[in-house]
Amino acid sequence: MLEVFADRTYRHLFTAQVVALLGTGLATVALGLLAYDLAGDNAGLVLGTVFTIKMVAYVGIAPIAGAFANRVNRRAFLVALDLVRAGVALCLPFVTEVWQVYLLIFLLQSASAAFTPTFQATIPDVLPDEARYTRALSLSRLAYDLENIASPMLAGLLLAVVSYNSLFLGTVVGFAASAVLVVSVLLPSPRPSEPRGIYDRTTRGIRIYLATPRLRGLLALNLAAAAAGAMVLVNSVVLVRSTLALDASSLAWTLFAFGAGSMLAALALPKLLDRVPDRPVMVAGAALMVLTLLGLGGEVASLGLNWPVLLGAWLLVGLGYSAVLTPSGRLLRRSAHAEDRPALFAAQFALSHACWLVTYPLSGWLMTQFGPVAALGTLAALAGVGALSALRLWPKEDPEILEHSHDNLPLDHPHLKGVRRHAHPFVVDDQHPRWASQL
């Protein structure tokens with residue numbers, strides 16, 4: 001897996017991702033403490049609003065940013081967004097009102113909503129070979145999982161010697177270092193797309209996404225991952241601290257089990273995906289999450305909650321979660337021309353976070369109103385709907401090269417070369433506005 005680090009450009013971009021993630025993790029810890037200082041017992045409400053603002057920014061801003069990402073110099077765009085994020089983080093230690101937190105978080109997350117899909121769309125251009133790109137996706141998944149472990153540990157060490165406001169300075173350093181690393185390499189600049197209207201550019205990624213069967217299946221799998229992930233991320237604290245009456249350290253180990261499962265899957269997936277297509281791997285990951293949530297719900301209903309069982313369940317959910325999310329970049333890469341990838345990655349970013357925008361509050365409400373059995377059962381059912389929908393929406397036979405005919409183009413069109421029926425790697429674009437079976 002580590003052979004991809006031989007590529008200097010990828011090595012710098014991966015390091016930029018890691019330091020930015022560490023900075024973001026420090027900001028997450030500091031925000032919780034800042035919210036408590038500003039709102040006291042209402043800190044949970046403040047943080048809930050912050051996370052809602054984050055999701056709204058992700059869903060609303062990403063498609064707009066993706067529409068313009070291929071019209072500007074990609075390296076300059078990424079560096080500018082890193083500097084915006086660093087500037088916002090530098091302001092956070094000085095806020096005195098809750099509304100100021102909301103405003104700054106919206107600006108920070110709007111910049112992240114533009115940065116992340118553009119960054120993700122750059123990697124397949126840097127590593128065009130699919131095997132190397134698959135390994136890069138696994139490393140990216142590992143980076144996210146390690147950040148969930150390393151950032152709280154680093155924050156704890158720093159808080160022993162500095163105030164929480166200093167953690168925001170660590171965030172500034174992370175984003176600034178990311179900007180330096182991005183500016184230190186030359187990034188590929190795909191051919192810009194044809195001039196289009198604002199509406200056409202803004203909606204292009206989502207239209208390509210929803211017109212592509214494998215990506216409609218991916219959206220359903222995103223729903224499955226969000227349902228299971230929300231159960232873990234929202235309700236673990238209630239299960240560990242209230243139901244089991246364990247301490248904060250036990251909560252950390254419980255979340256670690258989820259991250260460990262995700263890391264194990266990310267390490268195993270490159271070799272597995274060399275032999276097995278994406279679809280069965282991803283659907284199996286969704287099925288594993290569904291069965292684990294149902295099994296845990298049955299265990300809680302019959303015998304009560306047991307911490308070792310919860311650890312094992314979250315390990316399995318983490319395995320399934322990573323099996324669904326890690327290969328998704330391969331599907332996106334396969335489903336668009338290079339000039340359309342920023343818009344398509346932005347569509348994936350927005351639509352996947354729209355799933356989280358539903359499952360986050362649903363998970364908390366179910367646990368609060370009806371308890372763990374109802375929450376586990378309902379979210380398992382929702383994840384099951386996602387898995388079954390993926391099987392229906394994503395055809396089992398999904399070749400990259402499709403034979404198709406063009407009744408939508410005149411015979412003298414340059415694309416046809418005088419032959420109305422032909423075969424080539426198929427993606428939705430101007431010459432192929434619908435999937436091949438409909439042309």
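In the predicted model, helix H4 is mostly covered, with 22 of its 29 residues buried. From its first C-alpha to its last, H4 reaches 42 Å, which is close to the 42 Å expected for its 29 residues at 1.5 Å a residue. Asp 125 is found in this helix, which comprises residues 98-126. Asp 125 counts as buried because its relative accessibility, 17%, falls under the 20% cut-off. The side chain of Asp 125 also makes a polar contact, at 3.0 Å, with the side chain of Arg 74.

A second buried position lies in a loop: Leu 305 is found between helix H10 (278-303) and helix H11 (307-325), and its relative accessible area of 17% is under 20%, so that Leu 305 is classed as buried. When residues up to four places away in sequence are not counted, Leu 305 touches Leu 239, Thr 243, Leu 244, Leu 296, Val 300 and Leu 310. By contrast with these contacts, the C-alpha atoms of Leu 305 and Gly 87 are separated by 45 Å, the two residues being 218 residues apart along the chain.

With regard to cysteine, the structure holds 0 disulfides. Cys 355 has a relative accessible area of 10% and is therefore buried, this value being under the 20% cut-off. Cys 91, at 38% relative accessibility, counts as partly exposed because this value lies between the 20% limit for buried residues and the 50% limit for exposed ones.

Notes:
Residues numbered from 1 in each chain as written. Predicted model: local features only at pLDDT ≥ 70, side-chain atom pairs only at ≥ 80, totals over all residues. Heavy atoms only, no water. Helix = DSSP H or I, 4+ residues; strand = E, 2+ residues; numbered from the N terminus. Buried < 20%, exposed > 50% of the residue type's maximum accessible area, 1.4 Å probe, protein only. Polar contact = N/O pair within 3.5 Å; in protein donor to acceptor, adjacent residues only side chain to side chain. Expected span 1.5 Å × (residues − 1). Contact = heavy atoms within 4.5 Å. Disulfide = S-S within 2.5 Å.
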